[in-house]
Amino acid sequence: MTDHAARVPEGFRERVRFYLLDHRTPAGRTIDVALLALNVVFVGVFVAQTYSLSATARSLLWDAEVVIAAVFLVEYVLRLYGARDRFGEFTDPYAAVDLLSILPTLAVLLLPIPAIVTVTGFLRAVRIVRVLRFYRFTQDEEFFFGTVSVQSLRVTKLLLTVLVLFFVSAGLFYGVEVRTNPDIENFGDAFYYVVIALTTVGFGDITPVTRAGRWVTVAAVLTAIILVPWQASKIVREWTRRETVDVTCPDCGLTGHDPDASHCKACGHVIYQEFDSHEQ
């Protein structure tokens, strides 16, 4: 029995929780990779459905959407079932995103025909929030492909923040503008507008014509102003942080000092003798 296998719980509920959170065992990695791939496909299906396609292609995309949504529904139920605190899991932001992203598909399947008309616009565009699910894979340095440095993780989070911001804003903007704005025919048009708006280029070739579209733009710009500098500042602090030497102050016990320090930065005790012995 391997080290990893020895840590796998015995009970079914505990095993469910373990494998949905695990990044180290082959089964845990397989689940992670499969869910990540399905997330990419699910978002890709939404984007593809905004373009002019043949009836056959639309039918295939709809079938793929239903199958993937069903998998996500099963995963959502299993997460609730396996959670130690089910109410805490239910109210978790990532769990809310999981449920919100599949509700439009479930609504189309379950609601009566007249009600589908109200679902096919903005509500179905809400599926794009599924890209927020990618943040589940950046919670710590342990990935399904190995361990990464804190600096690499922060860079990944920054890039992911920008990508998520663009995609979610474009999806919501598409949902509220596509029926009334002649310049928004597909997701690509909305994505182009969001990139131009958030980078403050402002060509003016596409502008929002609905009040909801204006508010989506305002929310996207404000979110970008807050989140992107916040994430970038963490990376800058990591890059500019000076290397420290593993020397413990004999007086206060503080470990880690600048290489050229002669006194403890916490209590002022003389430590340069420690550095001399460390270098010898």
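Start by selecting Trp215, which sits in helix 11 (residues 211-240). Keep in mind that this is a predicted model. Trp215 counts as exposed because its relative accessible area is 60%, and the cut-off for that label is over 50%. Now add Val218, Leu222, Ile225, Ile226, Leu227 and Trp230 to the selection: together with Trp215 they make a nonpolar surface patch of about 740 Å².

Next, go to Glu177 in helix 9 (residues 150-177). What is the nearest side chain of opposite charge to Glu177? That would be Arg214, 7.1 Å away, and Glu177 has no salt bridge even though it is buried. Show what is around Glu177: setting aside neighbours within four places in sequence, its contacts are Ile184, Thr207, Pro208, Val209, Thr210 and Gly213.

Now for the rings. Across the whole structure there are 10 aromatic pairs. Select Phe46 and Phe187 to see an edge-to-face one, with 5.9 Å centre to centre and 80° between the planes. This pair ties together distant parts of the chain, since Phe46 belongs to helix 3 (residues 26-49) and Phe187 to helix 10 (residues 187-198), 141 residues apart. Phe46 is buried, at 3% relative accessible area, and Phe187 is buried too, at 4%.

Then pick Phe173 and Tyr193, a stacked pair with 4.2 Å between centres and 20° between the planes. Here helix 9 supplies Phe173 and helix 10 supplies Tyr193, 20 residues apart. Both residues are buried.

Last stop: select Phe46, Phe166, Phe167, Tyr174, Phe187 and Phe191 together, and you have a cluster linked by ring pairs.

How values were computed:
Residues numbered from 1 in each chain as written. Predicted model: local features only at pLDDT ≥ 70, side-chain atom pairs only at ≥ 80, totals over all residues. Heavy atoms only, no water. Patch = residues over 30% accessible without salt bridge, like charges linked within 9 Å, V, L, I, M, F, W, Y side chains within 5 Å. Areas by Shrake-Rupley, 256 points an atom, 1.4 Å probe, with all protein chains shown as cover. Salt bridge = Lys/Arg side-chain N within 4 Å of Asp/Glu carboxyl O. Helix = DSSP H or I, 4+ residues; strand = E, 2+ residues; numbered from the N terminus. Buried < 20%, exposed > 50% of the residue type's maximum accessible area, 1.4 Å probe, protein only. Lys, Arg positive; Asp, Glu negative; His and termini not counted. Contact = heavy atoms within 4.5 Å. Phe/Tyr/Trp six-rings, centres within 6.5 Å; stacked < 30°, edge-to-face > 60°.
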